[in-house]
Amino acid sequence: MTYVYAIADRPDEPLPSQSGLHDEALAKVICRDVVAVVSAFDGWRLSKAEDELWRHEEVIEALMSDRAVLPMRFGTLLPSRQRVGDLLCEAYGALVKDIERVRGHVEIGMRFLTASEGRSEDDPSVASSCRLPPRGTRPGSVYLWAKVARDRELQDRRRAKLSLVRAAYERLASHANASRLDDEPDDRQETSAAFLVSRDRIVSFREVVDEVANAHPELALLCTGPWPPYSFVNAGERATSGSDDCHAA
Amino acid sequence: MQRDATLARRQKVIHAPTDQALLDRFAGPSAEVERQSPQRIVADPKSVERDLARLVLSVVELLRKLLERQAVRRVENGTLSEEEIERLGETLLKLEARMGELKATFGLGDQELTLDLGPLRDLVSGCD
Amino acid sequence: MQPRPINSDQLALSELLDRALNKGVVLWGDATISVAGVDLIYVGLKVLLASVDTAERLRQDARSTALVTPGAAE
């Protein structure tokens, strides 16, 4: 089997010297102007999942030093290099577009905590505050409609939380080439956002983060990065229905 | 070399709250799990069976929740007939009941079956 | 007050988890799961399993790390 780390441009450039998962050598699968960076996988397991995740990340970051890179989801395994090549060619147009979009950019992540965070999914008060009357008379319908009502209640709460975060998010988004706000944080407590920031604006973006943090003492902010643009690649995926606030700068 | 790698990882944090309590809330799934389910190392056959059950049931529970979430979405979108809603609801109801029985059999609570995979929603969204 | 450098690592790992397990390019086929005759979910099952496996091992790592951390509450 073949493990895939990323899809990048400049297929003729030499690969970084670092090795991949389980110290396997990195290799290329090329389709025209894109290259998938891969390594052999034969059912091994490393002792620590944390190490595996970081190794995956480190390969991608090494590639980013001189290429535009689309990071793969962790654990992308395909039966053969042949199959990788086929899929590259199938998705070629979309991949090229994504590569263009992320070239010269990194991802910066934000998480926002508001004062009144709680695990709303397990919150018993959610069930009792559902204002919708039960629907249907048969057990299946009653059950499902109750779930719908609960879902709506949770969505209302999410919306309320989001409005608190909006101003801070918008300010940050104005300094990025693209941004997305995760408005369906299910089990997580925080609302999160991702920003596609051009490399030469990273320093000024960090300054804006500090300003925003000072201007919004009611929020707790966690900012991390730079990351490969995980949140800004779409090739091969089904379109998501989550809110995708993409602004062009 | 190990130390250098670790240092590089730490440098990902650009801005964080200074308050330790807030930091803890951001710390993520592994910290959360550790606080909620303190574990002892016990090497006996019963616990191996239970651990396996926990892993399997966690996956099943995850799928069940995904299915439910998607069903709710379809109901909200109005793309299902009354008959389909009833059938779907009845099946999900039975699924939930069955899961309850299995959890009771193995003495597993909801917290132990929670796999914090964060936004798995992008696996279920856009399917309509 | 004990210094807690581990938090930066945990934060970075948590962020990486979020990205590498749930985002990034997906390049494989899907499976349909249908319930009661209603097609419901297209799921990248391999992704799901890889994610589940990794998340589970991370939990075990966190558990065993905490147990050997000096001063951890028993």
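This section describes the domains, nonpolar cores, helix packing and selected backbone features of a predicted model.

Chain A is divided into domain 1, which spans residues 2–102, and domain 2, which is assembled from residues 105–117 and 158–232. Taken over C-alpha atoms, the centres of the two domains of chain A are separated by 28 Å. The contact between them involves seven residues of domain 1 and six residues of domain 2. On the side of domain 1 that touches domain 2, at least two residues each are supplied by α1 (49–64), β4 (69–71) and α3 (92–102) of chain A. The greatest contribution to this side comes from α1(A), with three residues. By class, the side of domain 1 that faces this contact with domain 2 has five nonpolar residues and two charged residues, with no polar residues.

The largest nonpolar core of the model has 75 residues, of which A6(A), V37(A) and L70(A) touch the most other members. Because both domain 1 and domain 2 of chain A give residues to this core, it lies between them. Another core, apart from the largest, is made up of 10 residues, including L144(A) from chain A and V72(B), V75(B) and L92(B) from chain B.

L144(A) and L92(B) also belong to the contact between helix α5 of chain A and helix α5 of chain B. Two packed helices are described by the angle between their axes and the distance between the axes. The axes of α5(A), residues 139–173, and α5(B), residues 82–106, come within 7 Å and cross at roughly 80°. With angles from 65 to 115 degrees counted as roughly perpendicular, α5(A) is therefore roughly perpendicular to α5(B). On the chain A side, the contact is formed by P139(A), G140(A), S141(A), Y143(A) and L144(A). These meet I85(B), E86(B), R87(B), L88(B), G89(B), E90(B), L92(B) and L93(B) of α5(B). The residues of this helix contact comprise seven nonpolar, three polar and three charged.

Within domain 1 of chain A, the loop between β1 (2–8) and β2 (27–31) contains D9(A). With 20 other C-beta atoms within 10 Å, D9(A) is buried, since the cut-off for burial is 20 or more. Leaving aside residues up to four places away in sequence, D9(A) touches D33(A), V34(A), R67(A), A68(A) and I99(A). The C-alpha atoms of D9(A) and L95(A) are separated by 9.6 Å, although the two residues are 86 residues apart along the chain.

The loop between β1 and β2 of chain A also holds H22(A). H22(A) is not a glycine, yet has a positive phi of about 55°. Its surroundings include 16 other C-beta atoms within 10 Å, and H22(A) is accordingly partly exposed. A positive phi, near 55°, is likewise found at R32(A), a residue other than glycine. R32(A) is placed in the loop between β2 and β3 (34–40) of chain A, and is exposed, with 11 other C-beta atoms within 10 Å. A further backbone feature is the cis peptide bond from G225(A) to P226(A), with omega near -10°. P226(A) lies in strand β9 of chain A, which covers residues 219–227.

Chain C contains two helices and two strands, arranged along the sequence in the pattern α-β-β-α. Of the 74 residues in chain C, 41% are buried.

Notes:
Residues are numbered from 1 along each chain as its sequence is written. Chains are lettered from A and ligands numbered from 1 in the order in which they are written. This is a predicted model: local features need pLDDT of at least 70, side-chain atom pairs count only at pLDDT 80 or more; totals for chains, interfaces and linings use all residues. A nonpolar core is a set of buried Ala, Val, Leu, Ile, Met, Phe, Trp, Tyr and Cys residues joined through C-beta atoms within 7 Å. A residue is buried if 20 or more other C-beta atoms lie within 10 Å of its own, exposed if 12 or fewer, and partly exposed in between; C-beta atoms are placed from the backbone. Domain bounds come from an automatic or database domain assignment. Axes are lines fitted to C-alpha atoms, for helices over the stretch in contact, and angles run from 0 to 180 degrees between N-to-C directions. Helices (H or I, at least four residues) and strands (E, at least two) are DSSP runs, numbered from the N terminus. Angles under 35 degrees count as roughly parallel, over 145 as roughly antiparallel, 65 to 115 as roughly perpendicular and the rest as oblique. Two residues are in contact if their C-beta atoms, placed from the backbone, lie within 7 Å. Ala, Val, Leu, Ile, Met, Phe, Trp, Tyr, Cys and Pro count as nonpolar, Asp, Glu, Lys and Arg as charged, and the others, Gly among them, as polar.
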